[in-house]
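Me: I am new to this structure and would like to go through it slowly, asking how each description is justified. Could you show it to me before we begin?

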Amino acid sequence: MKNTFEKANNFIARKTLDVKKAISNNRGEGYIDTAVKILISVVLGALLLAGLYALFGDVVMPTLKERIQEMFNYAG
C-alpha cells in the first residue's frame, strides 16, 4: 500500500513540475503570432490562386481552344 502512495506522490510531483514549467515558459508563441502566420498564409494563397486563374484564363485556355479546333478541323 505504501508503494502505491509513493508512486502517486511521485506522479503528482512530476506533473506539478511540468505545470510549473509550462506556466513559466516565455517562448513568445502566442495568439497574435499565430494569427499573423495564418493571415500571411491566406493572403499568399489568394495571390497564388489569382495568378493561376489569370494565367489559365489568358494564356492556356485560348491556346487550348485553338488546338482543339485545329485537331477536329477535317476540312483543311
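**Reasoning from the values**

Reply: Of the 76 residues of the protein, 0% count as buried, and it should be said at the outset that this is a predicted model.

Me: What secondary structure does the protein have?

Reply: The protein comes to two helices and zero strands.

Me: What makes the protein more spread out than a compact globule?

Reply: The globule rule gives 11 Å for 76 residues, whereas the radius of gyration of the protein is 31 Å, which is well over that value, and therefore the protein is described as more spread out than a compact globule. Along its principal axes, the C-alpha trace spans about 100 × 30 × 10 Å.

Me: How do you know that the span of helix α2 agrees with its number of residues?

Reply: Helix α2 covers residues 31-71, and at 1.5 Å a residue its 41 residues should span 60 Å; because its end C-alpha atoms are 56 Å apart, the two values agree. Helix α2 also bends by about 40° at Phe 56.

Me: Why is Ala 8 called partly exposed?

Reply: Ala 8, which lies in helix α1 (residues 2-23), has a relative accessible area of 35%. Buried would require under 20% and exposed over 50%, so Ala 8, with its 35%, is partly exposed. The C-alpha atom of Ala 8 is separated by 64 Å from that of Ala 54, and the two residues are 46 residues apart along the chain.

Me: Why does Asp 18 count as partly exposed?

Reply: Asp 18 is also found in helix α1, and because its relative accessibility is 40%, set between the limits of 20% and 50%, Asp 18 counts as partly exposed. From Asp 18 to Leu 39 there are 21 residues in sequence and 32 Å in space, C-alpha to C-alpha.

Me: What supplies the area that the protein exposes, and how far apart are the mean positions of its positive and negative charges?

Reply: The protein exposes about 7,400 Å², of which carbon and sulfur atoms supply 67%. As for the charges, there are 10 positive and 7 negative ones, and their mean positions are 19 Å apart.

Technical notes
Residues are numbered from 1 along each chain as its sequence is written. This is a predicted model: local features need pLDDT of at least 70, side-chain atom pairs count only at pLDDT 80 or more; totals for chains, interfaces and linings use all residues. Side-chain values use heavy atoms; hydrogens and water are left out. Helices (H or I, at least four residues) and strands (E, at least two) are DSSP runs, numbered from the N terminus. The expected span of a helix is 1.5 Å times one less than its number of residues. The bend at a residue is the angle between axes fitted to the seven residues ending there and the seven starting there. Buried means under 20% relative accessible area, exposed over 50%, partly exposed in between (1.4 Å probe, protein chains only). The radius of gyration is taken over C-alpha atoms; the globule rule is 2.2 Å times the number of residues to the power 0.38. Accessible areas come from the Shrake-Rupley method with a 1.4 Å probe; for residues, only the protein chains shown count as cover. Lys and Arg count as positive and Asp and Glu as negative; His and the chain ends are not counted. The place of a charge is taken as NZ of Lys, CZ of Arg, CG of Asp or CD of Glu.
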